[in-house]
Amino acid sequence: MIRSYRKTDLEEMVRIWYEASVIAHFFIPASFWASQKNAMKEKYLPLAENFIFEDEGKIAGFISLVGEHVCALFVVPEMQGQGIGTALLEYAKTLKGRLSLKVYRENKSAFHFYEKCGFVATGEEVDEYTSCVQILMEWE
């Protein structure tokens, strides 16, 4: 079930974001992600439009949007590959009509996931925080 975010979800969302980030972004030191926890909790997530995928009363994943931009899409690591990310993206597509996002070039599995979901690469840029290359992607 996909539902709107509640403030009580915040701690669990940050935990999922951190655990999934460390695994997916193996090319960035875990200490970087740890240093971003407070910013995620106090700044980034509260400013976004967040939707939760709930499974048996527990948060299995979430998507964060600012306008038509996907700022975050994270699924509990042990639940990845079960269609949760796809369901959240499809929900966002019906809500917004078009979407854009950035994905690290070295995160090949996420890049291929977004391609499978109909996104196309439109350019690249260097992330100012990590100095890693991000691929800009769009879906219309």
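## A walk from the core to the sheet and helix H5

Start with the largest nonpolar core, which has 44 residues: select Phe62, Ile63, Leu89, Tyr114 and Phe119, the members that touch the most others. Now add helix H1, residues 10–24, to the selection; with six residues, H1 supplies the largest share of this core. Keep in mind as you click around that you are looking at a predicted model.

Next, zoom in on Tyr114. Which residues does Tyr114 contact, once neighbours within four places in sequence are set aside? Show side chains for Leu73, Leu89, Leu101, Val103, Phe119 and Met137, and you have the set.

**The sheet**

Switch to cartoon view and pick out the seven strands. They form an open sheet with mixed pairing, and you can trace the order as S1-S2-S3-S4-S5-S7-S6. At the edges sit strand S1 (2–4) and strand S6 (120–126), each of them paired on one side only. Ignoring direction, neighbouring strands here are turned by 30° against each other on average.

Bring H1 back into view: this helix packs on the sheet, where it touches strand S2 (49–55), strand S3 (58–66) and S4. Compare the directions of H1 and S4, and you get an angle of about 85°.

Stay with S4 (residues 69–75) and colour S5 (residues 99–104) too. These two strands run parallel and are joined by two bridges. Click on Val70 to find one end of a bridge; its partner in S5 is Leu101.

**A side trip to Gly67**

Hop over to the loop between S3 and S4, where you'll find Gly67. Buried or exposed, or in between: where does Gly67 fall? Its relative accessible area is 43%, so Gly67 counts as partly exposed. Try a distance from here to Leu101: the two are 34 residues apart in sequence, and their C-alpha atoms are 11 Å apart in space.

**Helix H5**

Now select helix H5, residues 108–116, and show Ala110, Phe111 and Tyr114, its buried residues. Why do they lie on the same side of H5? They cover an arc of only 100° around the axis, so they end up on one side together. Turn to the other side of H5 and you meet Lys108, Ser109 and Lys116, which are exposed.

To see what covers the buried residues of H5, switch on S4, helix H4 (84–96), S5, S6 and strand S7 (133–139), which are among the covering elements. Last stop: Gly118, which follows H5 and has a positive phi, near 95°.

Methods. Residues are numbered from 1 along each chain as its sequence is written. This is a predicted model: local features need pLDDT of at least 70, side-chain atom pairs count only at pLDDT 80 or more; totals for chains, interfaces and linings use all residues. Side-chain values use heavy atoms; hydrogens and water are left out. A nonpolar core is a set of buried Ala, Val, Leu, Ile, Met, Phe, Trp, Tyr and Cys residues joined through side-chain atoms within 4.5 Å. Buried means under 20% relative accessible area, exposed over 50%, partly exposed in between (1.4 Å probe, protein chains only). Helices (H or I, at least four residues) and strands (E, at least two) are DSSP runs, numbered from the N terminus. Contact means heavy atoms within 4.5 Å. Two strands pair if DSSP finds at least two bridges between them. Axes are lines fitted to C-alpha atoms, for helices over the stretch in contact, and angles run from 0 to 180 degrees between N-to-C directions. The arc is that of the directions from the helix axis to the C-beta atoms.
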